[in-house]
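Here's a quick briefing to read alongside the model. Have the structure open and follow along topic by topic.

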Amino acid sequence: MLILYMRTKTQKINDIKYGKKHEHRVKPILETLFGTLNMSDNQYDNFDFNNNKFYVEHKQRNIAFGQYDSLIFDKVKYDKYLELKQKEPHKQFFICWSLSSGLYMWEFKENDDEFYLRDKYDVDRGCWDNTKKQICVLNKYIDSFYDFEKIVVKKSKKSKT
C-alpha cells in the first residue's frame, strides 16, 4: 500500500519557518569557518549566506548521515552556482546539511563524478516531477563540518609560513 504525503499551505509555511529557524541556529557555527556571514532575507534565494569569500547554502534534514547513498539539493542551486562562479570566480561555494547525526559539508565543483541527477520528488503533489531535478551528492564526497574545518585551518596555517 502506497501512502502519499502532500503538504497543505499551512505545512508549507511551517516548513519555511522551520528552515529559517535552523538557519539562525547554524549561522554562528558556520561563521567559525567562513567568518562573518550575511543572511539572505529572501526565502527563495539559492544561497542562505554569503560574504566577500563564500556563498553557503544550508539544509536541515531529520535523517542520519549514511541513511541514504547521498544528500540532496535542488539543481537550480547548482545552476546558480555555475552562473555566480562566472561573475565571482574568487568565491567558494558550499552546501551544509544539518542532520540528526551532525553537520556535513560539500564544496560545489564542476566535477560531476561526485554527484548524480534525479527527478525531484514533489512533496506538495505527492509524486515525482521529471521537469525538475535534484543533485544527489554521494556520501563519500561529503565531509563532517568539523573535519572540513581542520583541513581549512591546516591549509591557512601553511600558507602563512
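**A strand covered on both faces**

Strand S3 has both its faces covered: Phe 54, Val 56, His 58 and Gln 60 are buried on one side, and Tyr 55, Glu 57 and Lys 59 are buried on the other. That makes seven of seven residues buried in S3 (residues 54-60), so the strand is largely enclosed by the rest of the structure. Keep in mind that this is a predicted model.

**The sheet around S3**

- Six strands make up an open sheet with mixed pairing, and the order is S1-S2-S3-S5-S6-S9.
- At the edges sit S1 (38-39) and S9 (143-144), each of which pairs on one side only.
- On one side, S3 pairs with S2 (residues 49-50) in the antiparallel sense, over two bridges.
- Within that pairing, Phe 49 has Val 56 of S3 as its bridge partner.
- S2 and S3 also form a hairpin, with three residues between them.
- S3 pairs in the parallel sense with S5 (residues 92-99), and here there are seven bridges.
- Phe 54 finds its bridge partner in S5 at Gln 92.
- Out towards the S9 edge, S6 (residues 102-107) and S9 run antiparallel and are joined by two bridges.
- Tyr 104 is bridged to Ser 144 in S9.

**Aromatic contacts**

- Searching the whole structure turns up 20 aromatic pairs.
- One of them is Tyr 55 with Phe 93, a stacked pair at 5.0 Å centre to centre with 10° between the planes.
- Tyr 55 belongs to S3 and Phe 93 to S5, so this pair ties together parts 38 residues apart in sequence.
- Both partners, Tyr 55 and Phe 93, are buried.
- Phe 73 and Trp 97 make a tilted pair, with 6.5 Å centre to centre and 50° between the planes.
- Because Phe 73 lies in S4 (residues 70-74) and Trp 97 in S5, the pair links parts that are 24 residues apart in sequence.
- Phe 73 and Trp 97 are both buried as well.
- These four residues belong to one aromatic cluster, whose members also include Phe 47, Tyr 78, Tyr 81, Trp 106, Phe 108 and Phe 115.

**Salt bridges**

- The whole structure holds 10 salt bridges.
- Back in S3, the side chains of Lys 59 and Glu 57 meet in a salt bridge, at 3.2 Å from N to O.
- Is Glu 57 buried or exposed? Its relative accessibility is 1%, so Glu 57 counts as buried.
- Lys 59 has 17% relative accessibility and therefore counts as buried too, the cut-off being under 20%.
- Glu 57 and Lys 59 are linked with Lys 77 in a network of salt bridges.
- In helix H1 (residues 9-34), Glu 31 and Lys 27 are four residues apart, about one turn of the helix.
- Glu 31 and Lys 27 form a salt bridge whose closest N and O atoms are 2.8 Å apart.
- Glu 31 counts as partly exposed, at 22% relative accessibility.
- In helix H2 (residues 75-87), Lys 87 and Glu 83 are also four residues apart, which puts about one helical turn between them.
- Their side chains, those of Lys 87 and Glu 83, meet in a salt bridge at 3.3 Å, N to O.
- With a relative accessible area of 59%, Lys 87 is exposed, while Glu 83 is partly exposed at 37%.

Notes. Residues numbered from 1 in each chain as written. Predicted model: local features only at pLDDT ≥ 70, side-chain atom pairs only at ≥ 80, totals over all residues. Heavy atoms only, no water. Buried < 20%, exposed > 50% of the residue type's maximum accessible area, 1.4 Å probe, protein only. Pairing = 2+ DSSP bridges. Phe/Tyr/Trp six-rings, centres within 6.5 Å; stacked < 30°, edge-to-face > 60°. Salt bridge = Lys/Arg side-chain N within 4 Å of Asp/Glu carboxyl O.
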